Amino acid sequence: MERVINTEILDYLLENNLITEHQHGFIKKKSTCTNLLECLNDWCFNMQAKLVSDVIYFDFKKAFDSVSHNKLLIKLKAYGIYDNLFDWITAFLSNRNQAVRVCNILSDFVPVMSGVPQGSVLGPTLFLLFINDVRDIFGGLSVTCKLYADDIKLYKSYCLTQTHSDLVTATQRLIRWANDTWQLTLAADKCTVCRLAQPRWQIGWDHNTAEYKVNDCLLQYSDHVRDLGVIVDSTLKFEQNISAVVHKAHTRANLILKCFSSRDRVPLTKVFCTYVRPLLEYCTPVWSPQHNYLTEKVERVQRHFTKRLHGLKNKSYTERLKLIGLQSLEHRRLNYDLVLT
């Protein structure tokens, strides 16, 4: 029943353009990859135009658990959800209790006064509606806002000669919207800012570094940040991300070879495709290597693994792939690009 209701609500919201186009979480045909690609497109154009881009990443404390039921229901009515459906959702959120179990000891039950039910089908959609209007608070500012569920990032490009950034004003508005109006607390220690620019420009920006504060906590600049699982560095080369991905994949591939005494091609190939290859293919349209040495670095994971399989040690990489029915990782990345396009 939840699935039926969730599908109908989402269709209604999307058909009437009630969900902001900048939201990529829990929406059909959108993902972490589309979120990152839209941002990367803007950042690359800004860098080519010799503009500096400041990106601020915001994090909420227990966002899904902090949603006020009364305020959520007010927003549902604002989006045109009335009558039986409204009453059903009200009942869905009401009269819930929670307890904590440690070993065989159970605490007393207490009523759940806030938050969308986690693990439910309807919970994520209700949260999207609760956070959906955040985009509207930046009216009149030349700031871009991108969302993936509760992950929010704001960015702005500007020349080094500018003395004021709309990003400071946008940050203050977001804090007021979250803390004062909708009871969502920003975790200042998990918020960060990254400046995207060519290294040779650094001499020019040392005297013009804007200060961004969240709850009176000064945000520190970082030369790289993990954005939806992808490490974005200040020069947009993604070498750090590729190194981290390859290291993790190598570690997992070696662990698999240690755990299996057999070198049978069929089961080990399935295990590799299930547990190792997804690490090397997450969001590849965003960070796909631009240089041959990086392409080879990624390919080396599969190259080394297949060489350890029974009867394949003395065969070339192309022959090994043909015998076990796999494609090269580079070929698969090209397929992903075409599918996404």
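**Exercise 1. Identify the residue that caps the N-terminal end of helix 9, and describe what surrounds this helix.**

Solution. Asp264 caps the N-terminal end of helix 9, with a side-chain oxygen 3.1 Å from the backbone nitrogen of Val266. A polar contact is a pair of N or O atoms within 3.5 Å; within protein, one atom must be able to donate a hydrogen and the other to accept it, and residues adjacent in sequence count only if both atoms are side-chain atoms. The model is predicted: local features need pLDDT of at least 70, side-chain atom pairs count only at pLDDT 80 or more, and totals for chains, interfaces and linings use all residues. Residues are numbered from 1 along each chain as its sequence is written, and side-chain values use heavy atoms, leaving out hydrogens and water.

Next, take the helix itself, residues 265-275, where Leu268, Thr269, Val271, Phe272 and Cys273 are buried (under 20% relative accessible area; exposed is over 50% and partly exposed in between, with a 1.4 Å probe and protein chains only). Helices (H or I, at least four residues) and strands (E, at least two) are DSSP runs, numbered from the N terminus. The cover over these buried residues includes helix 8, helix 10 (277-281), helix 12 (292-307) and helix 13 (317-324).

**Exercise 2. Describe how helix 1 and helix 4 pack.**

Solution. Start with the geometry. Two packed helices are described by the angle between their axes and the distance between the axes. The axes of helix 1 (residues 2-15) and helix 4 come within 13 Å and cross at roughly 125°. Axes are lines fitted to C-alpha atoms, for helices over the stretch in contact, and angles run from 0 to 180 degrees between N-to-C directions. The two helices are therefore oblique to each other, given that angles under 35 degrees count as roughly parallel, over 145 as roughly antiparallel, 65 to 115 as roughly perpendicular and the rest as oblique.

Then list the residues. Glu2, Ile5 and Ile9 of helix 1 meet Leu85, Trp88, Ile89 and Phe92 of helix 4, where contact means heavy atoms within 4.5 Å.

**Exercise 3. Compare the settings of Asn95 and Phe238, two residues with positive phi.**

Solution. Most residues other than glycine have a negative phi. Asn95, not a glycine, has a positive phi of about 55°. Asn95 sits in the loop between helix 4 (83-93) and strand 2 (97-98). Its relative accessibility is 79%, so Asn95 counts as exposed.

For Phe238, phi is positive at about 65°. Phe238 belongs to the loop between strand 13 (230-233) and helix 8 (239-259). With 4% relative accessibility, Phe238 counts as buried.

**Exercise 4. Determine whether Ile131 and Glu281 are buried or exposed, and list their contacts.**

Solution. Ile131 is found in helix 5 (residues 123-131). At 0% relative accessibility, Ile131 is buried. Leaving aside neighbours within four places in sequence, Ile131 is in contact with Gln23, Phe60, Ala149, Asp150, Ile152 and Trp177. The C-alpha atoms of Ile131 and Ile19 are separated by 9.9 Å, and these residues are 112 residues apart along the chain.

Glu281 lies in helix 10. Glu281 also counts as buried, at 12% relative accessibility. Not counting residues up to four places away in sequence, Glu281 touches Leu329, Arg332 and Tyr336.
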